[in-house]
Every structure is written in structure tokens, then in C-alpha cells.
Amino acid sequence: MVFAIFTTGAAYAEPGSIEVDIDGTPVTINYDAEGVDVVSIDADLDFVSLIIDVDVSGSPGILEITLERSYFDSVFDGTDEDFIIIADGEEPTFEEIETTSTSRTLQIELENGTDELEIIGTDIGIQPEPEPAPEPEPEPAPEPEPEPAPEPEPEPAPAPTPEPKPEPTPTTTQPKTQCGPGTVLKDGACVLDQSCGPGTILQDGVCVLDESKSTTSPGMGKELIIGVVAAFIVALIVGFVLWMISRGSRQK
């Protein structure tokens with residue numbers, strides 16, 4: 001029955017158009033109406049919707065409205081979504097009767113006496129046409145890598161400079177100033193000592209006893225006698241002391 005009503009309404013629909021200001025840009029919205037008078041259309045950017053004032057005299061009235069995707073659409077992740085339509089706070093009967101890459105056409109059934117119709121989408125405003133992707137520029141041919149310069153040959157190491165040999169220190173022969181035992185220095189040379197020790201004299205190149213000094217001198221004889229007498233006296237004193245000690249110990 002609804003299909004019959006839509007078909008009958010479409011047959012007697014009257015085409016019309018109205019200019020709408022969307023975000024400062026005037027756009028023309030085309031529609032066909034049967035029993036519906038479109039008074040005005042306003043764009044609500046905050047709620048992403050079109051608000052249409054209507055005067056419905058038919059029972060019911062039929063409104064076919066074509067919406068260009070360039071200024072109003074309902075999509076999600078690149079897929080078309082249904083518009084949300086509210087007529088005086090209620091959801092009227094509607095369907096999308098034509099869909100192209102540039103526009104979508106809705107057919108809406110409105111009850112007699114309806115005053116306001118609101119169509120809610122997801123995108124509103126003039127959408128810039130996508131710019132064609134720039135063609136990739138051909139990559140320049142890689143420049144040939146320069147060949148590495150040959151490494152210079154190492155220079156031969158300089159021969160080591162021979163160190164000068166130290167000159168030998170000249171030895172200076174010093175004249176001897178000392179001679180060994182039994183020799184004496186004479187004219188810079190050590191010769192046999194021809195002198196003799198005390199109590200001897202040199203006779204025919206040989207040291208012999210000096211007989212003139214072998215006899216005891218008077219001084220030495222006197223000293224010997226005094227020593228003997230002193231020793232005797234000391235012996236007597238020691239003997240007397242020992243006798244006194246021995247006698248004392250007997251009396252006790």
C-alpha cells in the first residue's frame with residue numbers, strides 16, 4: 001500500500017529548488033513534492049543536519065529531495081550510512097531511492113500538518129575536491145662511484161745513523177810513590193832497602209847484630225833489682241795477711 005502511495009505521489013510530484021547557505025557558501029537543493037510545500041531550508045553545522053520548514057496539505061505528503069555529497073552526506077569509514085530523519089519529533093517512513101557517486105535521493109512520507117523536517121548526516125560543508133596524486137618523478141640514475149685513488153707506496157725508512165764510538169781515554173802513567181816491604185823508592189824506582197832494623201847494622205851488604213848495644217846498661221840493671229825487691233816485699237805482706245786470717249779462725 002505504501003509503495004502504491006509513493007508511486008502515485010511521484011506521478012503528480014511538482015519539481016522545485018531552493019538555495020541554502022552552508023558555511024558561507026550558497027548551494028541549490030533540488031526536490032520534488034506532492035502535497036508538500038517547502039518553505040525554507042537551513043543548515044545546522046553543530047548538529048550536522050538540514051532543517052526544512054514544510055507545509056503538508058496532502059494525506060500523506062510525499063517529498064523527494066536530492067542531496068549532493070559535496071556538501072552533505074552520511075558515511076562511516078568510507079561506507080554509506082542511513083540518514084536520520086525526524087518529522088516533528090517522530091521518525092517518518094522514508095527510503096533512499098537513488099544513490100550515485102555524487103548524490104543521494106531520499107523519498108519521505110509526511111503526515112498532514114507536519115511543520116518541521118530534520119535530516120541528520122555525518123558530513124556537512126563544502127568538501128574540497130581531492131587533488132590528483134602527483135606522478136612520481138623518475139629517480140635519477142645513480143652516479144658511478146669514483147674509483148678509490150691508489151694508496152701511495154710507503155717511503156723507505158731512513159738508515160740509522162751510526163753512533164760515534166767513544167774515543168779511548170788516554171791513560172797517564174803516574175810515577176810510583178810507594179814501594180812494597182823490603183824496598184824503598186829511589187829515583188822513581190823501587191830498590192832493595194839497604195838499611196837494617198833497630199839493634200842491627202849493615203855489614204858487607206848484610207844486617208848483623210850490633211854487639212856494641214848487646215850488653216845491659218847500668219840503668220836497666222838498677223831497675224831490675226828494684227823490681228825484685230818490690231816483689232819480695234809484696235809476697236811477705238800477703239803471707240802475713242794469710243797467717244793472721246788463719247790464726248783468727250783457730251781461736252774461734
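Helices, of at least four residues, and strands, of at least two, are DSSP runs numbered from the N terminus. By that count, Asp23 sits in the loop between E1 and E2. The model described here is predicted.

**Overall make-up**

The chain contains 2 helices and 17 strands. It has 252 residues, and 21% of them count as buried. Its accessible surface is about 19,900 Å². Carbon and sulfur atoms hold 56% of that surface. Among contacts with a separation of 6 or more, 53% join residues 24 or more positions apart.

**Strand pairing**

Strands of a sheet pair through backbone hydrogen bonds, either parallel or antiparallel. E1 and E2 are antiparallel and share 9 bridges. Ile22 has Thr25 in E2 as its bridge partner. The hairpin of E1 and E2 leaves 2 residues between the strands.

E3 and E4 also pair in the antiparallel sense, over 8 bridges. Here Ala43 is bridged to Leu50 in E4. Both strands belong to an open sheet of 4 strands, in the order E3-E4-E12-E9 with antiparallel pairing. E3 and E9 are its edge strands, each pairing on one side only. From one strand to the next, the twist averages 20°.

**The nonpolar core**

Which residues touch the most other members of the largest nonpolar core? They are Ile41, Ile65 and Ile119, out of 29 residues in that core. Strands that each supply at least two residues of this core include E1 (14–22), E2 (25–34), E3 (36–44) and E4 (49–56). E5 (61–68), E9 (84–87), E11 (103–110) and E12 (116–120) each do so as well.

Ile119 has a long contact list, even leaving aside neighbours within four places in sequence. Among its partners are Val48, Leu50, Ile52, Ile65, Leu67, Leu106 and Ile108. Phe72 and Phe83 are also in contact with Ile119.

**Aromatic pairs**

A search of the whole structure turns up 2 aromatic pairs.

| Pair | Centre to centre | Angle between planes | Class |
|---|---|---|---|
| Phe72 and Phe83 | 5.5 Å | 25° | stacked |
| Phe240 and Trp243 | 6.2 Å | 35° | tilted |

Why is the pair of Phe72 and Phe83 stacked? Planes under 30 degrees apart count as stacked, and these two rings have their planes at 25°, so the pair qualifies. Phe72 is in strand E6 (residues 72–73), while Phe83 is in the loop between E8 (79–80) and E9. The two are 11 residues apart, and the pair links distant parts of the chain. Both rings belong to buried residues.

The tilted pair lies in helix H2 (residues 218–251). Phe240 and Trp243 are 3 residues apart there, so about one helical turn separates them. Trp243 counts as partly exposed because its relative accessibility is 45%, between the limits of 20% and 50%.

**Backbone exceptions**

Most residues other than glycine have a negative phi, and most peptide bonds are trans. Asp23 departs from this with a positive phi near 55°. Is Asp23 buried or exposed? At 58% relative accessibility, Asp23 counts as exposed, since the cut-off is over 50%.

Asp88 also has a positive phi, near 50°. Asp88 lies in the loop between E9 and strand E10 (93–99). With a relative accessible area of 43%, Asp88 is partly exposed.

Where is the cis peptide bond? It joins Ser59 and Pro60, with omega about -5°. Pro60 is in the loop between E4 and E5.

Methods: Residues numbered from 1 in each chain as written. Predicted model: local features only at pLDDT ≥ 70, side-chain atom pairs only at ≥ 80, totals over all residues. Heavy atoms only, no water. Core = buried A, V, L, I, M, F, W, Y, C linked by side-chain atoms within 4.5 Å. Buried < 20%, exposed > 50% of the residue type's maximum accessible area, 1.4 Å probe, protein only. Contact = heavy atoms within 4.5 Å. Phe/Tyr/Trp six-rings, centres within 6.5 Å; stacked < 30°, edge-to-face > 60°. Pairing = 2+ DSSP bridges. Areas by Shrake-Rupley, 256 points an atom, 1.4 Å probe, with all protein chains shown as cover. Axes fitted to C-alpha atoms, helices over the stretch in contact; angles between N-to-C directions.
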